[in-house]
Amino acid sequence: LVFGIILTALSLAWGLFGAPAERLQGDSVRILFIHVPAAWLGMGGWTAIAVASLTELVWRHPLAGIAARAIALPGALFTAICLVTGSIWGRPTWGTWWVWDARLTSELILLFLYIGYLSLYYSIHDERKAAKASSLLAIVGAVNVPIIYFSVKWWNTLHQGATITVSKAPSIEQTMLIALLLMTAAFWLYAFAVIFTRVNQRSLIDESHTDWVQQILRGRGQA
């Protein structure tokens, strides 16, 4: 968490003052240093939830379910950040706060999926049924992730295409690329800190009756 916060501050400073303005968009492009990493985390978070949910359903691993639900809240947060910053960026670039563009619409659906996943789990009193229902939603909803990614290729959209791909060299200025990658690492560090903390807390609650948790509690009490 500490490394994530420090790296976020450094990356923001680099993006705001070290990276150059874009030729056509000017300084408004600097919002990409928050918008793009948030979008990647939102998509990556749902992918991780789907994989963990599949593991929970098939192999009945309790930690997989705990991890899936721990990822959901920070994943929803970053998806919301992506949508808000994208809207702010779109106002000077497109002349409007929102368009029903394929990329924007599919990203909005992702936020609704996160909200639906959390709402579904916590609205069912039977924990096994809640886990099964939310896991099925996560797996089915995973089809939206490739739709988000490929939407700019499949449809004629206002949203620009990818500037960083695995098939060719990045079409972005080097200092901007470094700042973008550092901010992505910073966001991931923060997300991991939140997720691991939530997994740890939930595990202690679920296993509160076991000897190993009682030993931990006794140790903390003595400390």
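A pocket is an open set of grid points with protein on both sides within 12 Å along at least five of seven lines, and its lining residues have an atom within 4 Å of a point. I note at the outset that the model is predicted.

**Entry 1. The second largest pocket**

I looked up the second largest pocket and recorded a volume of about 430 Å³. Its lining comprises 16 residues, and those nearest its centre are Glu 56, His 61, Pro 62, Arg 69 and Ala 131. I then asked which helices supply at least two residues of the lining. These are H2, H3, H7 and helix H5, the last spanning 127–141. H5 gives the most to the lining, with five residues.

I followed one of the central lining residues, Pro 62. Pro 62 belongs to helix H3. I count Pro 62 as exposed, because its relative accessibility is 58% and the exposed class begins over 50%. From the C-alpha atom of Pro 62 to that of Gly 90 I noted a separation of 42 Å, for two residues 28 apart along the chain.

**Entry 2. The nonpolar cores**

I next examined the largest nonpolar core, which holds 28 residues. Which of its members touch the most others? They are Trp 46, Ile 49 and Tyr 117. At least two residues of this core come from each of helix H2 (32–59), H3, helix H4 (102–123), helix H6 (144–154) and H7. H3 is the main contributor to this core, giving eight residues.

I listed the contacts of Ile 49, leaving out residues up to four places away in sequence. Ile 49 touches Ala 68, Ile 71, Ala 72, Tyr 114, Tyr 117 and Ala 138. I also found a second, separate core of twelve residues, including Ala 19, Val 36, Ile 172 and Met 176.

**Entry 3. Aromatic pairs**

I searched the whole structure for aromatic pairs and obtained ten. One of them joins Phe 78 and Phe 187, with 5.2 Å centre to centre and 40° between the planes, a tilted arrangement. Phe 78 lies in helix H3 (residues 62–94) and Phe 187 in helix H7 (residues 174–206), so this pair ties together parts 109 residues apart in sequence. I checked the accessibility of both rings' residues. Phe 78 is buried, with a relative accessible area of 4%, and Phe 187 at 10% also counts as buried.

I then turned to Tyr 121 and Tyr 122, an edge-to-face pair with 5.0 Å centre to centre and 85° between the planes. Is each partner buried or exposed? Tyr 121 is buried at 9% relative accessibility, whereas Tyr 122 is exposed at 57%.

I further recorded a cluster in which ring pairs link Trp 46, Tyr 114 and Tyr 117. Trp 46 and Tyr 117 were already noted among the core members that touch the most others, and Tyr 114 and Tyr 117 are among the contacts of Ile 49.

**Entry 4. Ser 203**

I finally looked up Ser 203, which is placed in helix H7. Ser 203 counts as buried because its relative accessibility is 15% and the buried class lies under 20%. What lies 2.8 Å from a polar atom of the Ser 203 side chain? I found the backbone oxygen of Val 199 at that distance. With neighbours within four places in sequence left aside, Ser 203 is in contact with Leu 63 and Ile 66.

Definitions and conventions: Residues numbered from 1 in each chain as written. Predicted model: local features only at pLDDT ≥ 70, side-chain atom pairs only at ≥ 80, totals over all residues. Heavy atoms only, no water. Phe/Tyr/Trp six-rings, centres within 6.5 Å; stacked < 30°, edge-to-face > 60°. Helix = DSSP H or I, 4+ residues; strand = E, 2+ residues; numbered from the N terminus. Buried < 20%, exposed > 50% of the residue type's maximum accessible area, 1.4 Å probe, protein only. Polar contact = N/O pair within 3.5 Å; in protein donor to acceptor, adjacent residues only side chain to side chain. Contact = heavy atoms within 4.5 Å. Core = buried A, V, L, I, M, F, W, Y, C linked by side-chain atoms within 4.5 Å. 1 Å grid on protein atoms, 1.4 Å probe; cavity = no way out; pocket = protein on both sides within 12 Å on 5 of 7 lines; lining within 4 Å. Points joined across faces, edges and corners; volume = space filled by probe spheres on them.
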